[in-house]
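This report goes through the fold, the core, the charged pairs and the surface of one protein chain. Please keep the structure open while reading.

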Amino acid sequence: MVNLKEYENDVNDYAIEITKYLISRGSQLVDAEEAVQDTLVKILSLDIFIEPDKLRAFMYRTSIRTYINSYNRSKHYQKIIKNLEKELETAAFLVESSPLPKIIEQLPPYYKELLNAYYYENCSTKQLAEYFECSLSKIKIDLYRARKKLKKQLEKAGYDQWLLQCH
């Protein structure tokens with residue numbers, strides 16, 4: 001029969017030991033504690049009882065795997081963030097050098113408002129019809145005409161058909 005208090009003390013001792021081990025291998029204190037805490041939660045959520053002679057190995061194995069997974073995930077997220085930052089810098093440059101805002105300003109006010117609401121504010125054609133108090137078909141036709149007029153002005157400004165195709 002297992003003494004529950006003794007088992008609990010073993011779990012606490014192993015948790016401290018594993019935390020120190022992870023730190024000695026280069027982990028930050030917060031990361032090591034988090035990995036051990038996740039292991040303790042896993043032990044509590046298991047439907048089976050881990051024998052005292054297998055507990056230490058289980059906790060080491062689970063804590064180390066948890067830490068490695070967390071570390072790899074963190075590195076992966078950092079790569080994604082760096083790529084997004086590069087893309088945002090590129091997008092900001094393209095927006096700054098884009099003729100689109102200047103050309104949109106040359107459109108009639110109704111077309112500007114319609115295009116802005118549809119593309120930038122993500123309003124549906126139904127919402128636009130309600131806002132402008134007109135039929136759905138009129139909104140669709142007006143959006144078509146606004147895009148056509150915008151395209152004509154872009155071509156007039158020297159942007160050819162190939163650049164205007166939507167991908």
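The sections below describe a predicted model.

## Overall fold

The protein has 8 helices and 0 strands. Read from the N terminus, its elements run α-α-α-α-α-α-α-α. The protein has 167 residues, and buried residues make up 24% of them.

## The nonpolar core

The largest nonpolar core holds 16 residues. Those that touch the most other members are Ile18, Leu22, Ile43, Ile50, Leu55 and Met59. Three helices each supply at least two residues of this core: helix H1 (4-24), helix H2 (29-45) and helix H3 (52-97). Of the contributors, H1 gives the most, with 6 residues.

In soluble globular proteins, nonpolar side chains tend to be buried together.

## Salt bridges

How many salt bridges does the structure hold? There are 3. One of them joins Arg56 and Glu17, with the closest N and O atoms 2.3 Å apart. This pair links distant parts of the chain, since Arg56 sits in helix H3 and Glu17 in helix H1, 39 residues apart. Arg56 has a relative accessible area of 39% and is therefore partly exposed. Glu17 is also partly exposed, because its relative accessible area is 26%, and a residue counts as buried under 20%.

Another salt bridge is formed by Glu105 and Lys112, where the closest N and O atoms are 3.4 Å apart. With a relative accessible area of 55%, Glu105 is exposed, the cut-off for that class being over 50%. Lys112, at 23%, is partly exposed.

Lys138 and Asp142 also meet through their side chains in a salt bridge, at 2.7 Å from N to O. Both residues lie in helix H7, 4 residues apart, which is about one turn of the helix. Are the two partners buried or exposed? Lys138 counts as partly exposed, at 37% relative accessibility. Asp142 counts as buried, because its relative accessibility is 4% and the limit for buried residues is under 20%.

## Helix H7: a buried position and a charged patch

Helix H7 covers residues 136-156. Leu143 is found in this helix and counts as buried, at 3% relative accessibility. The C-alpha atom of Leu143 is separated by 7.5 Å from that of Tyr111, although the two residues are 32 residues apart along the chain.

Which residues gather in a patch of positive charge on the surface? They are Arg145, Lys148, Lys149, Lys151, Lys152 and Lys156. Lys152, one of these residues, lies in helix H7. Lys152 counts as exposed because its relative accessibility is 57%, and the class begins over 50%.

## A nonpolar patch on the surface

Tyr77, Ile80, Ile81 and Leu84 make a nonpolar surface patch of about 380 Å². The place of Ile81 is in helix H3, a helix that also supplies at least two residues of the largest nonpolar core. Ile81 has a relative accessible area of 46% and so is partly exposed; the exposed class would need over 50%.

## Loop residues with positive phi

Which residue has a phi near 55 degrees? This is Asn122, where the value is positive in a residue other than glycine. Asn122 lies in the loop between helix H5 (109-120) and helix H6 (125-132). At 61% relative accessibility, Asn122 counts as exposed.

Glu133 has a positive phi as well, of about 50 degrees, and is not a glycine. Its place is in the loop between H6 and H7. Glu133 counts as exposed, with 72% relative accessibility.

## Summary

The predicted model has 8 helices and 0 strands. H1, H2 and H3 each supply at least two residues of the largest nonpolar core, and the salt bridge between Arg56 and Glu17 links H3 with H1. In helix H7 lie the buried residue Asp142, the buried residue Leu143 and the exposed residue Lys152. On the surface there is a patch of positive charge that includes Lys152, and there is a nonpolar patch that includes Ile81. Asn122 and Glu133 lie in loops, each with a positive phi.

Key:
Residues numbered from 1 in each chain as written. Predicted model: local features only at pLDDT ≥ 70, side-chain atom pairs only at ≥ 80, totals over all residues. Heavy atoms only, no water. Patch = residues over 30% accessible without salt bridge, like charges linked within 9 Å, V, L, I, M, F, W, Y side chains within 5 Å. Areas by Shrake-Rupley, 256 points an atom, 1.4 Å probe, with all protein chains shown as cover. Salt bridge = Lys/Arg side-chain N within 4 Å of Asp/Glu carboxyl O. Lys, Arg positive; Asp, Glu negative; His and termini not counted. Charge placed at Lys NZ, Arg CZ, Asp CG, Glu CD. Buried < 20%, exposed > 50% of the residue type's maximum accessible area, 1.4 Å probe, protein only. Core = buried A, V, L, I, M, F, W, Y, C linked by side-chain atoms within 4.5 Å.
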